[in-house]
Each structure stands twice: as structure tokens, then as C-alpha cells.
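Colleague: Could we go through this model together, one element at a time, with the reasoning behind each answer spelled out?

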Amino acid sequence: MANKGMWSGMVWLAGMTAPLWVNAAPLPPNWQILPTAQQEIEGGLPSALRSPLLTKQNKPLQQVEMLVALPFEQVLPVVQAALAPMGKFEGTVSRTRVAYMEHGWGHVMMARRPELKAEYVRRFSLPALQQDVADGALLAEEVPQRMARLERDPSFNAQSDKLPALQVSFASWSASADQRHGFAGRTKSVVDVRVMQVDQVMGHAATVVSLRRVDDWPNPDGGVGAQLRALADFNIFSTGPSPRLSRSRVPETVFTPVFDALRTLPGASLQLGVNASDWMPAAKPVASITEPQRRAPEGAHGIDATQVLAVNRVLSEQTFDLADMLPMADGSVLLVQSYPFTLMQWSPADGHTPRTLWKAPNEHALHWLLAGDRRGRGAYLASADGVLRYEVGAAKVATHPLAFDRPKLGADSYLRYTHDGDGLPLPYLHDQVGKRDALSLWTATQHPAADGARWEYAQRFAALRQDVVDHNFPGNTRVKPVQWDGQRSNVWVEDAAGLTELDGNTGRVQRVLPLPRRFGKANPQDDAGMAQWTPPPFGSIAGNWIAVGFVLMDGETRNPGMHVVDVGSGNVRHSLTLPGLDSLNAAAGSPDGRLLALGSNRGGVVAAVWNLDTGRSLSLRAGNKTCWDLRQLQWSPDGRTLWGRCGDGLVQWALPEEWRSAAAG
């Protein structure tokens, strides 16, 4: 009995020290062999799969890559011999052009050998960029910057096999072995291995070995009983528990034999990684990239909103909804209801219910534009149903069907509208010219006076600027027309590179203003890309500026706002932000171009007005009972009042004297 107890104690001690023994292997810092997590065991992991696992920073790995500074022909037989006890691994050595190197190693090669990427860009990208300049889609001074950006991108391209340096071949060998566990063999594993020559990547003889084991076992909660319980708790969005579970891991029993065999080879210089990107060289910061200096509202003091029109949010009792608004010079407000698509008007004399001016024959409207002249005397509503024209004091609205020089364009569901700076609708479309992307803009050939007369449009230009937008840019990739509050001869758009001025007649690029970062986290290599979750860009004729939205990330926190860009100098005058909010719902420039209001919501409304001359700000308050979900801001034509459209009605901020704007026009 004493011997039995001593033997049990030795087994217990061996079990306790096993993790320490396996950790004695010369692994890099933060790499360990650890026991299977108790959480997986309690989740029903079969005992045959509860072996120690390779981890990094205490997290089990799905695969491991081992880089050895030795030739492929020397490494392959060593790996095959180490794996032989685990099963029958069958595979053949294949040779492939380096241009088609996969599993991320091709990208690593292009990053580690920048001369290859530079040669590719010079031979195959530069001619296309030069053609873009000839077509008016790029400026000549943009070409070096575009080439530098392409050279920083390590990704492959369809023409990369035309480079002589990438026509050489590399060797690779892939194989797998099946394993079954338990009496019935219902628990299965597949050990996957890949041995690949990466001489061209590292610049010397080198081989990478990839290992993993994919486990598959019956789900303890996926039997017949569990399926019946799922049927009893019927949910049309659920298929019930899966009958089998799987995972990818690197068990010690698979890793250690190969690792030990490789690390003891003379001159191996073994390195471990999770995937190929661990060997990606650090990119050098681009000297021209600077972070925007953001300005938040000053303090919490401000003025409160007054609700002037309430919407009943109880759907069974709701009589109208608000999807758009436009304050008019007579104190009334034009309103759009999206379904059924309706143009309404409200003034304080109307009480709690707006008056209907027009109801569309088609109840649905995907896109529309409600815009007015600068004095607030007239307005237009453009949609697929036609153009409505409203004049203050008129008894009714005039309706005009659409007529385009391209058949069926009016019914195109992707057609959008901007306006000429004085409310007149201008249709535009993200279009195609041949096989190239374009921004097509139409202009009215005549402005009919008689009610019912056709509103005819002819194409003004098809700008190929859209075609040179790199789809690898973060955020949106469709160029956005800048909406001005007055008339300009040329057209401005926001694109991934910044703000671009297009010739008003031809659509050719005239000028490009670079912008600081507009989207995502700080990137010292690239600050291009347009933001999501912000209002479209707009410009002030009087202020000579354009406001462009941004959503910048600080850690996991979003900070939305707008860059205010001086059109004359191209400099950013301000980067105004409402920090900590998920999005920027609303923005509006004052009629005199001196003030800019931004608004969004988080519970209560968060809004502010900035004086663009001084940088000072005024906070605008409104609780949930006054304004639930601020969605739009608009200045009154006289500049004395700021209007807000909320999910439950309209609000007004009566501005102090110093925060009022001069009247429009």
C-alpha cells in the first residue's frame, strides 16, 4: 500500500509539473505551452482533445508559422520525419511563380523588397496615371503622390507576373493526416502542414513551416433532445444547436516534435509567428501627414430649445412624420413626409397639424431634394415623380414631370439631386462611361413657368474623377458633390484625396485641396479616405469655405465633426468636433458664412454653434422631452433663428444678438 501511495504521489507531481516542463523549451517571450482552458473542458471538449496547447500572450493559437533560415530541400525531410509518428502525410512538391505566392507571404515580399513594387508601379501604374491626367481625372502634380501611395501598398496585382524578378518559381509542399479518437471514433482531428520556400521574400535561403490541427466532435448540447427542446421554443431565426463543433489549435504533441527538430538544425535561426504579417517590416511614417487640431464646444453653458411642433410617436395614432424641412421667409416651414411621400407646410397658426400641399401618386420615395432660394421666397422638391415649385404666398404648388436626354433616367433608383446654389435641382448619378466610373451631372435646359410643363434636363458632364478613386481607401469611395448656398461656375466634390474643383462645363479636374484625416484611427502612413455617418459636404459663398465631415477614432471612441476649409488658401481653418458621439447627424452654415452649427444626439441633444472668425462657440441644449433624436439643422432666412428637426417634432433656438447671422442674399 505504501508503494502504491508513493507511486500515486509521483504521478500527481508529474502532472503538476508537466506545464512547467513543456515551458522549459526555448520559446520566445509571451509564447507558452499551457493546459487546455477550463472553460473549454466545461463546454464539453472530449478528453482526447484536452492536450496542452501552444499560446501567445496566454491565448491559444489557431496556427503557427515557423521560419527557418535554411533551404527548402533541407527543411522538408526534417519536417516529414518529425510528423511521421502522427499519421500518413501525403503530398507532392509543387512549383509556382513567385508572383502568385499566397498565404500573405507575397505581400510580405513586396513590403520587404520595395524595389520590386517601385518597378511594378513605374512600368504598369504610371502609364495609367498619365492617361488619367490626359483625360482630366487627375492633375499632373498628383501623380507622384499617387505613385508613392501605390508603392506603400504591398498587395499583388494581376500584372505582377510580368516582372522578371517575379517569374522565378518557389517550392511548396502541403499535406494533412486524419486522426480519430475514442472507442467509436466520433471525435476527429486533421493535422495540416505546409512547407514553403520563401527565399525571394527574405533575400536569402529561407523556409516557412505552417502547422495546425482542426478538431471536430459531437456537440454535447446538439443531440436529439436538444433539437426537440429547440423545436419546443420555436424561433424562426434560429436553426437550433449544431450537431457538431470544431476548432483550430496547435497542440503541444503536434508542435513540439517539429519545433525541436527544426531549432536544432545548424544555422536554423528559427523564428515563430502567428501568420505571415508578423514578418511585415514596419512602415515609415509619411512626412506630410499631420493630425488635425480639433476644437470642441466651450463648456456646458448655452441656450435651450423650444419645441414648436410635436409629432405623436405612437404609431397607431401618428398622423404625420417628418423626414425633411426648410424654413421660409414668411415664418412657415416646408416639410417632407417620406411615406406616403408628401409635401406639407406648417406655421404657428396651423396649430399641431401641418397642411398638405401635395401628395405623390407613388407613395414611396427613395431619394429627394428639398431646397430653396437664398431669400426663402421660393422652394423646389425634386424626386422621381418630378419637380415641384413653391412660391411664398402662392395658392398651390406647380408640378413638372421630368424629361431627360437619356431615356428612362428619371426612373433610375440611383439618381440623386444637388442644386445650383439657389435651390434649382441638378440631378447627378454615379455612372459609367464605357468601362470607367464617372460622376454625371445634368442641368436644366429650360425652366418652365406653366404648371404641368416638362422640366427638361441635358447632361452637363461626366467627370472621370470617380474612376481614379482607389477602392482600398477607408470609408466611402463615391465622390460627393459639395452643396453651395450660392451660385458658382465650377463644381466642387469631396473625394478620398480631398476637395476637388471640376470645370463646370467639362468635369475636368482644375484644383485639388488635400485634407487631414477624416475617418478612423490615426495612420502615420496614410490619411486619405472619406468619412461615414456625417452630413454631405457644403460650402458658403459669403464665407468662402467648405465644411467636410469627419469621424475620428481615439481608441474605441468616435469623435465626429467637420473640417472647415478655406477655398482661397486651401488651409483648414477649423476642425470642429462634438466629442464622444457615434455620428454627426446635422450641420448648417449661417446665411452670412460667419457661423457653423453642428448637432447630433446621445440621449439628449448635443449641438453647438461656432463663430468661424473667432473660434468661440455657443452650446445648444435640448432634452429628450423637447427633442428626441436631432436629425437636421437649418437657419432661418433672416439668420435670427436656428431650426432643428427631431424624431418627434420641430424645435427652435432663438439666438442671442451676437450669434445671429445677417440675412441671406
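Colleague: What span should the 12 residues of helix 9 have at 1.5 Å a residue, and how far apart are its end C-alpha atoms?

Modeller: The model is a predicted one, and the values here are computed from it. The expected span is 1.5 Å times one less than the number of residues, so the 12 residues of helix 9 should cover 16 Å. The end C-alpha atoms of helix 9 agree with that expectation, being 15 Å apart.

Colleague: Which residues of helix 9 are buried?

Modeller: Buried here means under 20% relative accessible area. An α-helix has 3.6 residues a turn, so residues three or four places apart point the same way. The buried residues of helix 9 are Glu252, Val254, Phe255, Thr256, Val258, Phe259 and Leu262.

Colleague: Which residues does Phe255 touch, not counting residues up to four places away in sequence?

Modeller: Phe255 is one of the buried residues of helix 9, and leaving out residues up to four places away in sequence restricts the list to partners beyond that separation. With this restriction, Phe255 touches Leu27, Ile33, Leu54, Val64, Met66, Leu211, Val250 and Leu272.

Colleague: Which members of the largest nonpolar core touch the most other members, and which helix gives the most to this core?

Modeller: The largest nonpolar core has 35 residues, of which Met66, Val193 and Phe255 touch the most other members. At least two residues each come from strand 1 (31-34), strand 4 (64-68), helix 3 (72-83), strand 6 (169-181), strand 7 (187-197), strand 8 (207-218) and helix 9 (252-263). The most is given, with 6 residues, by helix 3.

Colleague: How many residues of strand 7 are buried, and which residue of strand 8 stands opposite Val193?

Modeller: Strand 7 pairs in the antiparallel sense with strand 6 over 10 bridges, and with strand 8, also in the antiparallel sense, over 10 bridges. Of the 11 residues of strand 7, 9 are buried, so this strand is largely enclosed by the rest of the structure. Val193 of strand 7 is the bridge partner of Ala175, while in strand 8 the residue opposite Val193 is Leu211.

Colleague: In the hairpin of strand 6 and strand 7, which residue takes a positive phi?

Modeller: The hairpin has 5 residues between the two strands. The residue with a positive phi, near 80 degrees, is Gly182.

Colleague: Which strands stand at the edges of the open sheet of 3 strands?

Modeller: The order in this sheet is 1-2-3, with antiparallel pairing, and strand 2 (residues 53-56) pairs with strand 3 over 2 bridges. Each edge strand has a single partner strand, so one side of each is left without a neighbour in the sheet; the two are strand 1 and strand 3 (59-60).

Colleague: What is the angle between helix 4 and helix 5?

Modeller: Helix 4 (residues 105-112) and helix 5 (residues 114-134) pack with their axes 4 Å apart. Since 65 to 115 degrees counts as roughly perpendicular, the two helices are therefore roughly perpendicular to each other, at an angle of about 90 degrees.

Colleague: In the open sheet of 5 strands, what is the order, and which residue of strand 40 stands opposite Ile303?

Modeller: The pairing is mixed and the order is 12-40-39-38-37, with strand 12 (302-304) and strand 37 (586-589) as the edge strands. Strand 12 and strand 40 (residues 617-622) pair in the parallel sense over 3 bridges. Opposite Ile303, in strand 40, stands Leu620.

Technical notes. Residues are numbered from 1 along each chain as its sequence is written. This is a predicted model: local features need pLDDT of at least 70, side-chain atom pairs count only at pLDDT 80 or more; totals for chains, interfaces and linings use all residues. Side-chain values use heavy atoms; hydrogens and water are left out. A nonpolar core is a set of buried Ala, Val, Leu, Ile, Met, Phe, Trp, Tyr and Cys residues joined through side-chain atoms within 4.5 Å. Buried means under 20% relative accessible area, exposed over 50%, partly exposed in between (1.4 Å probe, protein chains only). Contact means heavy atoms within 4.5 Å. Two strands pair if DSSP finds at least two bridges between them. Axes are lines fitted to C-alpha atoms, for helices over the stretch in contact, and angles run from 0 to 180 degrees between N-to-C directions. Angles under 35 degrees count as roughly parallel, over 145 as roughly antiparallel, 65 to 115 as roughly perpendicular and the rest as oblique.
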